[in-house]
Structures are given as structure tokens and as C-alpha cells.
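Me: I have a model open on my screen and would like to talk through some of the labels attached to it. Could you take me through the reasoning?

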Amino acid sequence: MSIDPPIAARRAHRREHHGEVVDDAYEWLRDADDPAVRAYLAAENDYAEAMTAHLEPVRGAIFDEIRSRVQESDLTVPVASGPWWYYTRTVEGQQYALHCRAPIAGAREVPVLTDGSALPGEQILIDGEALAEGHDFFEIGASTVSADHRLLAYSVDVSGDERYDVTVVDLTTGEILDRAVTGIGYGLAFAGGGRELLYTRVDDAWRPHEVWRHQIGASAEADELVFSEPDERFWIGLDTSRDDRWVCLAIGSKTTSEWWLADAIEPGAAFRCVTPRRDGVEYGVEVARDHLLIVHNTHTREGELAIAPLTTERADQWQPLLEPGEGERFLGVEAFDRVAVLVLRHGGLPTLRLLPRLGEGYDTPKAVTVPGDLTAIHLGDTPEPSTDRLRIVTESWTQPRRVSDLVLATDEVILLREQPVRGEVDLGAFRATREWATAPDGTAVPLTIVRHRDVQPDGSAPGILYGYGAYEISMDPYFSVARLSLLQRGVVWAVAHVRGGGELGRGWYDDGKMAAKANTFSDFVACADHLVQSGWVAPDRLAAEGGSAGGLLIGAAVNLAPDRFAAVHAAVPFVDALTTVLRPELPLTVMEWEEWGDPLHDAEVYARMRAYSPYENIAARDYPAILATTSLNDTRVSYTEPAKWIARLRATVTNDPVRRPILLRTELEAGHGGRSGRYDAWRQVAWEWSWLLDRIGAARP
């Protein structure tokens, strides 16, 4: 029995820019309060469920596989801060974690428990399961403990719109001291010696643009505005230095940054600017007790490291320490009493370099070695400046996450814990390799290929190609328990490291943004062609997947080469990019002009975006089977974009709706990241992947 898909009504809507008049017949779907919009979304959900009802056994199998491989009652490796171990604990059957601490008793050897049980003397700081009760969505935005470890402040979102309400707790008594501050953005910082709380507020475009001071225990009506950023391109970030001595404001656009510091102990302390912004200059500041370490791009786009007085107010006071080598990109620096840790990219992968403290300066840097190919290394949570060891984290595409301590005096690496993978899984059976696709302009594009060792390049295997390609965000090696369900079904899981990301440095990003944005899409198609031409994937068994800006990539690539893919999944996809970036009143738009260009005021940018925006360029021809997933409360990418895209696809393409269906699924109580509870998130993954696996003929292990 055939099922008729929903057909969205067409309503005239005139869009006129730079002499072009467009009738955007589905723009009416933007009004979430319109009963007709709600009815349409509900009809699409019903249709998606009906068209995938036969996949219920596959969904259940994938969910069970994920759950069976996860140690459900578990405990993160505790982190020492002051007299406490801080850690997070999960309990079997509970969706949300417990955030805890326990007293450090005697020797400071890290307690590593493998059964998920509590440490002696445990104090539960945040009970996520209890706070989430009665809510379909729950997320902690920020949490911070005062320098004396007496107070806790945390923020919570229960709708998915990323606007948070704050709770302040006295940890010595358990008393809730304050719930006056509501509807804020990210970032919380104790100030005034623990008597004040600084927080950010967002404007109508969801831009953190103000910092306010709240006296703990007082009414929010008495809060004081202490900093305001009028330039709509700039976003405020709020944090404290590692030694809790300074409150730090990081103010940045896509291309320019500025830092301010304020005394965290003095009540009512004012902020002072480290160095005034200069257009096109990005810099990051790390307080290193009596001086500042600064990573900046004044002389090279790949960054350099400088040292400056704590009181610096001018860039000419920055003294150079280190420049990047060939193929390197400096990203940031972390300061400790014994060493500075430079965070960088080298050879396309994240890595670390140590600069031992030497008098008033730093000694020759040395690399932190990483075992294995295609392995990422990151600095783990190490809050104490005086530490004699660093927490480091390594992981690869096929090996679980490892948490270790690096002893600074001896360079010894002490493995504390490897992420457990339960069940009968032979992790040695999986392989990850790096290959290179050739883009139309001759550029070599890195492509990661992950597979079971039994899968050979004989042109028969199913495959999923993933991509993102924006904001200099890199797709670095990470281990996924859920991904094992794909690999054990013989799927070749590949990542296209396309231009617009940051894998190969700032130049790689610059070559995939603004006027060069089309490179991102042609790179992805080139990676798809490489998978087929090299025999890794059968030409009729390749799917594509991407989310958010990666959804734009997927939509544009499908318009460019619809015959390359059997199916695509676009998650919270930025597929109506031109319409969104034309409207400065929408969340994030003005800031996005430095990523995509300003089509509102620039006819050339308008024409360029008009030529690649997925919604604008759907053709009357056969397309792959398409699944778009979204969330009603998503602030970053409105549900409107995939809803309009699906409506126009269904009205335009020539697909047989049974052989190549076009589906839209909307989470009605979620945000940009989808479902919030861990079991709900696994079910969401199982739902999406069961559909992809079915489309490429790989539903059975």
C-alpha cells in the first residue's frame, strides 16, 4: 500500500534584492506559532514514521548494540582541584549524569574506579537525573566552583533554545542561595572574592553582547551592566584564569579579537583591555601568573606565540617566543607554573608541544609523542597551575579514548584509563587509513577511511561519507562506540576533510570560505568519486551525511552531483543559507557575514550565495533518497530551513516517492544537538542510521 507524502501549501512571498525578485512560496513555514505550520510538521513526522516502520527491528538492534557496548554505570577519571577530586558519574538506567566531588585523602594518587561506584565521601554537586525530571529536554550550559570551593553556580536549559537559568548553591550546607538570574547565554564567573557572579546576556539575535554583575542573594533587578559590545559582528566569551585571579573576556568576530581582564578578588573590579582590536588580527590570551602568553596572527596566518607583561596594553609589548614550522598551525596555549603547553596542528592532526619554564622565560619546546597513526592528542582537564603532571587524552578512529598523566619531571606517561568497550568486539579488526582525493582544481583533499579489515576495495561495499567544512572546524580522530554498528555491517565510514575546515591550517580554511566557498562542495564530490574509483564503495551504495554547516555541504553537493549518492542524511541543515544570511535580525546572521559574505549589501555576494544555497538550486531531476532531521527549538539553524528545503524538493524533483523517498523528521522538544538524554540520543542515532543502512543495503550485521 502506497503512502502519500504531505504536500506543503504554496503562499506568495516576495523577496527582492539587487534587482532580483523571488517568490519564496514556502517562507510561511517560518512562523512556528501558526497552527498550519505545526500541522505540517506533525504530518511530516507521521509520514516519516510510516515510511520507516519496517525498520523498527533494525532500530532496536542498533540501540541494543550501542547500549551493550557502553559501561552504563561509569566514572570519569577524577581531577584534583584544591582539596577535592572532581568527576562525573553515570548510573545504569539514568539518562543524565551526576556531577560530583570527593575529598582528597592522604596521597594524591589518582583514584581510578572501573565499576562506576562513588568515591569515599562523595558529594553530589549536580544531579542531572533529578533536575531533568518532568522535562523532555535538559542540558547544563555552564558550571563553575568558587576559588575557595565553597560555592557552585550552574545554568540549565530545559527547552533546547540555549537560554539558561542559573542556580547558586552553598556546597558546605547544600542550601540554594540564588535563582534570580534567568534567560542568560553561556559563561559564568565568580568575582568579588566569591560574592559576585558575572554572566552574559544575549540580544534578540542570540549574540552574547553584555556582561552583568550580580550580587549573590540579591534581586536580579539590582544587577549592574559592566560591559557591552555594540558591534554586531562580535561575540563575548566569559571565563576565569587558571589561578582564579582574573576574570577574562574574549571578544571576537570571525576575523578579529580583543581581550579584557578584571581582578577576580576585588569587589566591583573594572575590566581593562589587553590590546585594542585591530581589524583582521586574532589573538588569544593566557594568564601565566606574572605575565601573559599570547597566540596571535599579526605576522603569519598560521599564528605565533608571544610573551607580554601582565599589564600590557599595546601589541608592541609582545615579545616573540615561537613561530610555526612548515605544515603547522598554532591554536592556543595553556600556562602552568612549570611549563606552557602549546596547542597546535601538525601534519593535519592536533598535537601538543611543551615549553618548560626557565627563569623569566621558556626553554626549547619539545613535542609530546603520540603512539599510532591518525591519533589525536589533547590536553585534558588540569585545573591547578602548580601541578607536576599534565592530564592528556589520546584517541583514534579505531582505538578508544585514553586518559593519561604526563609526569613533567621525567616525561613518563601513566595510563589512567582506557574507555571500556563491552561485549564481544575485536577492536583489532578495524582499520583507519588516510587517502587523498583530487579536487577539480588539482588540490589534494585528505580523506579518512574507516572499515573492518575484511572489507576490501573490490567495488562491492556500502559506504557513508561524512563532511562539515566550515568555521575552521576540523574533523579530528575520535572513537565512537555507536560507529561500531556501522563497521560490523561492512560499511566503509569515510570523512572528507574538505576546504573550509581547519585540518591543514588557516589556509585550508580560507580556501573554503567567502568567495572560495564552492571549493568545499566540489571537494566533497571529489571524495565521493575517489571512494568509488578506488573500489572502496560500490557506486550505487554510497550515502552522505552532515549536520548544521555540514548540512549545507550535503545539500549543495547533492545539487551538484545527485547521481553520486544513494541516500543522504542532512541533520539540522543550513540549507536555506541565502534567506537566513539576508536577514540581520535572525540569530547569528551579522556575525556570519565574515564567513559567507554579506549578500544584503553586496550584489556579488548575493549572486555567489544564490548560486550554491541548496534551497535555491533544486533541479527537476532524480535525487537520492533524502532524510532531513531538525529540532523545533533550534536557535542556531531554524527548523524552517529543512522544512522549506523538503517542501521544495518534494515539489520539484522527479523521484519515485517509494524507491527514493524524501523525509523530514522534527524533534518537538530539542535544540541544535538533538535529544539530550543519553538513551534518547542513542535512539535518535539508531533511527537515523537504520534508515541510511536500509538505503545502502547494509541493515544486517
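Reply: Happy to; we can go through some salt bridges, burial and a sheet, keeping in mind that this is a predicted model.

Me: What makes Arg 245 and Asp 263 a salt bridge?

Reply: Their closest N and O atoms are 2.8 Å apart, and the cut-off is within 4 Å, so the pair qualifies. Arg 245 sits in the loop between strands E16 and E17, while Asp 263 belongs to strand E18, 18 residues apart.

Me: Why is Asp 263 called buried?

Reply: Asp 263 has a relative accessible area of 17%, and buried means under 20%, so the label fits. Arg 245, at 30%, is partly exposed.

Me: How do you know that Glu 395 and Arg 401 meet in a salt bridge?

Reply: The N to O distance is 3.4 Å, and the limit is 4 Å, so this pair counts too. Glu 395 is buried at 10%, whereas Arg 401 is partly exposed at 38%.

Me: Why is Arg 683 called partly exposed?

Reply: Its relative accessibility is 43%; exposed would need over 50% and buried under 20%, so Arg 683 falls in between. Arg 683 forms a salt bridge with Asp 680, and both lie in helix H12, about one turn apart.

Me: What makes E29 and E32 edge strands?

Reply: The open sheet runs in the order E29-E30-E31-E32. E29 and E32 each have a single partner strand, so one side of each has no neighbour in the sheet.

Me: How do you know that E29 and E30 pair?

Reply: They share 5 bridges in the antiparallel sense, and pairing takes at least two, so they pass.

Terms used. Residues numbered from 1 in each chain as written. Predicted model: local features only at pLDDT ≥ 70, side-chain atom pairs only at ≥ 80, totals over all residues. Heavy atoms only, no water. Helix = DSSP H or I, 4+ residues; strand = E, 2+ residues; numbered from the N terminus. Salt bridge = Lys/Arg side-chain N within 4 Å of Asp/Glu carboxyl O. Buried < 20%, exposed > 50% of the residue type's maximum accessible area, 1.4 Å probe, protein only.
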